[in-house]
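Here is a short briefing for a reader new to this structure. Look over the sequence and the 3D view, then read on by topic.

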Amino acid sequence: MTTHNTTEAQGVRLAAGDAELTVLPDNGCRVGSLRIGGTELLRQGPKFGSFPMVPWCGRVELGQFRNGGERHQLPLNAPPHAIHGTGRDTAWRPAHVTETAASFTYDLAAPWPYPGRVTQVFELVPDSLTMAMSVETIGDSFPAQAGWHPWFLRDLGQGGADVELSFTADWQEERGEDHLPTGRRIAPLPGPWDDCFGMADGVEVTLTWPKRLELTITSRSEWVVVYDEQAEAVCVEPQSGPPNGLNTLPRLVTPIDPLEISTTWRWRTLD
């Protein structure tokens, strides 16, 4: 591992221009902090930063999924469902670290039933952060998902106004009473949201803190979950498939076809 950057007890720090990023490999390889010009963008406290969702995103119905003729049971960490994968609950290994980029890996293990390896890469430049994730099998093929769950501060302090969300979706996954998509695609509804949206040409969502900062999240993936029902933070979660996608839209990871996803957060200050 190259150690040109600052590696502190609490994580790996990257810096470019006035942007500072802290990654916490021992805490699920989540982004613990993103500061632009000294201003923190991500919520701190018990639910903080931005964590990877892998090898599934959102809820899996009753924690069960099939791979061919095999049925598997996952722990019900959001009863009666399983939620957000196992990557956020394990330590990742630094693979390569510089002043502005870093990569980390972890090996899939129980309670996930298939062996494999997940790699997450961070690249920071003065006006953007790009994150990429890949899921590879080292044995049998299996369905998987990957994505990110950031907690963006609703306001940036100092008396600033609340963040405003702007996006144009091609459809919304209808949400049932069990918080799972029903399988119907409907016209996008007004918020508040805890919902998955589809964007056929790729995810693009803009967060604007008036007179402070504009941040646009993009991804080549078609799906994004928007969650803005909490007072302190809003979430914009690009992911490789809809919630419960292990069952409804399985994306098979094979020895010759890994799952790959990336997202870019690009920002500019506002006068």
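A salt bridge is a side-chain nitrogen of Lys or Arg within 4 Å of a carboxyl oxygen of Asp or Glu. Keep that cut-off in mind for the charged residues below. The model is predicted. Its mean pLDDT is 95 over the chain. The structure holds eleven salt bridges, while the count of disulfides is zero.

**Confidence**

- A pLDDT of 70 or more is reached by 96% of the residues.
- Residues 1-9 stand apart from that picture, with pLDDT under 50 throughout.
- For this stretch, residues 1-9, the model has 19 contacts beyond four places in sequence.

**A buried arginine without a salt bridge**

- R154 sits in a loop, with β17 (152-153) on one side and β18 (164-167) on the other.
- Which side chain of opposite charge is nearest to R154? That of D162 is, at 4.8 Å.
- A salt bridge has to fall within 4 Å, so R154 has none with D162 at 4.8 Å.
- R154 is nevertheless buried.
- The side chain of R154 does have a polar partner: one of its polar atoms lies 2.7 Å from the backbone oxygen of Q230.
- Beyond four places in sequence, the contacts of R154 include A161, D162 and V163.
- Also among them are W209, D228 and Q230.
- A231, E232, A233 and V234 are in contact with R154 too.

**Salt bridges**

- E40 and R35 pair through their side chains, at 3.8 Å from N to O.
- E40 is buried, at 11% relative accessibility. R35 is partly exposed, at 34%.
- D127 and R266 form another salt bridge, at 3.5 Å from N to O.
- D127 is in the loop between β13 (116-125) and β14 (128-137), and R266 is in strand β27 (residues 259-269), so this pair ties together parts 139 residues apart in sequence.
- Both ends of that pair are partly exposed: D127 has 34% relative accessibility, and R266 has 44%.
- R268 and E214 also meet in a salt bridge, at 3.1 Å from N to O.
- R268 lies in strand β27 and E214 in strand β23 (residues 213-219), so the pair links parts 54 residues apart in sequence.
- R268 is partly exposed, with a relative accessible area of 46%. E214 is partly exposed as well, with 21%.
- R93, D107 and R117 are joined in a network of salt bridges.

**Cysteines**

- How many disulfides are there? The count is zero.
- C29 is in no disulfide, and the nearest cysteine sulfur, that of C57, is 15 Å away.
- The cut-off for a disulfide is 2.5 Å between the two sulfur atoms, so C29 cannot be paired with C57 at 15 Å.
- C29 is buried, at 1% relative accessibility.
- C235 is in no disulfide either, with the sulfur of C57 the nearest at 13 Å.
- Is C235 buried or exposed? C235 is buried, with a relative accessible area of 0%.

**S219 in strand β23**

- S219 belongs to strand β23. S219 is buried, with a relative accessible area of 10%.
- A polar atom of the S219 side chain lies 3.1 Å from the backbone nitrogen of S221.
- Neighbours within four places in sequence aside, S219 contacts G202, V203, P238, I261, S262 and T263.
- The C-alpha atoms of S219 and M199 are 9.9 Å apart, and these two residues are separated by 20 residues along the chain.

**T119 in strand β13**

- T119 is part of strand β13. At a relative accessible area of 18%, T119 is buried.
- Which residues does T119 touch, not counting those up to four places away in sequence? They are W92, F104, T105, A132, M133, S134 and E136.

Key: Residues numbered from 1 in each chain as written. Predicted model: local features only at pLDDT ≥ 70, side-chain atom pairs only at ≥ 80, totals over all residues. Heavy atoms only, no water. Buried < 20%, exposed > 50% of the residue type's maximum accessible area, 1.4 Å probe, protein only. Helix = DSSP H or I, 4+ residues; strand = E, 2+ residues; numbered from the N terminus. pLDDT = per-residue confidence, 0-100. Contact = heavy atoms within 4.5 Å. Lys, Arg positive; Asp, Glu negative; His and termini not counted. Polar contact = N/O pair within 3.5 Å; in protein donor to acceptor, adjacent residues only side chain to side chain.
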